[in-house]
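Please look through the structure shown here, beginning with its fold and then turning to its nucleic acid partner.

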Amino acid sequence: MPELPEVETVRRGLQLLIVGKQVISETHDWPKGWPNSDDDVAQFLLGATITAVRRRAKVLLLDFDSGYTLVTHLKMTGQLVYRGDEVFGAGHPNDSLVGPLPDRSTRVTLEFRDGSKLFFNDQRKFGWMKLYPTIEVETIDFMQKVGPEPLEDDFTAEAFRERFRRRARTSIKAALLDQTVVAGVGNIYADESLWGARIDPRRLVAQVSDQEFALLFHELRAVMNLAIEKGGSTDRNYVDAEGKKGSYMDFARVFRREGQACPRCGAAIDKIKHAGRGTHLCAQCQS
DNA sequence: CACTTGACCTGTCCGC
DNA sequence: TGCGGACAGGTCAAGT
């Protein structure tokens, strides 16, 4: 669920809300999702001030002036929600999916000196947070292997196509979801961009032409940029840093629209199982 | 090495 | 209404 556009939306929100705040306490209820020792917390987190909020692929990076970075992966149902006087009781209650915090899915709470708090909620407990020395973040296995950022200005259609070379014998959808090929693509934007490029998700990478790769590259970037503009996709429980929903699902062309008319040709949209995932496509105009 | 499947979890929905 | 099972889908480990 949280894919690149959702994580980027959270990052932008947190950038405005928590940079400059000093942590005074930390609590957690899920040791697996918080592997740091109490000693590490006391030494590198308590008393430290947030200097920046960065993102790489679907990973959020909270930098502290202690020289440590809190690396966070939301996985499927993770949420990072800020509560403070700035937004408490304001905002847009109709857009909110999150009630009073903490609640039963709160895993980690950071309290800041001004009394505001950051809650890491995760219904399914797949997500995690871990402190690393900032200079070692790039040496983490995931960071070493993850592919290029699809929205970077200097990423080209040619470079995009080249990344798929070593996955020639698998399907284009499985390859798109492979984080070592390109960073940040998940199930929603894989289906949406393949529809945009008129490519059947099941087609083998080797059967995709250079021209189609160029189109797919363009569609993927367009879809992700639109999704960021709309604050991401709230399918089930994704929310931004203020606990509010994103509206990209109102603009989705195939995702979660099985049975509805394809906006391009009018045929009914199919939902199949492919690459271990629910997969949405228009069999009439994707080939 | 390339590729696929199962595990990690819990809440929701569907059929009996 | 209650209950079992399928399903949701990001990533890694284990298996083919």
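The paragraphs below take up a sheet and then the protein surface around a DNA strand.

The model is a predicted one, and in it four strands make up an open sheet, arranged in the order β1-β6-β7-β5 with antiparallel pairing. At the edges of this sheet lie β1, residues 23–28, and β5, residues 78–83, each of which pairs on one side only. On average, neighbouring strands of the sheet are turned by 15° against each other, if direction is ignored. The pairing of β5 with β7, which covers residues 117–122, is antiparallel and runs over six bridges, and within it Leu80 stands opposite Phe120 of β7.

Which residues surround DNA strand B? Around this strand are Trp30, Lys32, Arg104, Gln123, Arg124, Lys125 and Phe126, together with Arg166, Arg167, Arg169 and Thr170. By residue class, the surface near DNA strand B consists of seven charged residues, two polar ones and two nonpolar ones. Of the atoms of DNA strand B that come within 4 Å of the protein, 71% belong to sugar and phosphate.

Individual polar contacts add detail to this picture. An N or O atom in the side chain of Lys32 is 2.5 Å from a phosphate oxygen of DNA strand B, and a polar side-chain atom of Lys125 lies 3.0 Å from a phosphate oxygen of that strand. For Gln123, the partner of its side-chain N or O atom is a sugar or linking oxygen of DNA strand B, at 3.3 Å.

Definitions and conventions
Residues numbered from 1 in each chain as written. Chains lettered and ligands numbered in written order. Predicted model: local features only at pLDDT ≥ 70, side-chain atom pairs only at ≥ 80, totals over all residues. Heavy atoms only, no water. Pairing = 2+ DSSP bridges. Helix = DSSP H or I, 4+ residues; strand = E, 2+ residues; numbered from the N terminus. Axes fitted to C-alpha atoms, helices over the stretch in contact; angles between N-to-C directions. Near = heavy atom within 4 Å. Polar contact = N/O pair within 3.5 Å; in protein donor to acceptor, adjacent residues only side chain to side chain. Nonpolar A, V, L, I, M, F, W, Y, C, P; charged D, E, K, R; others polar.
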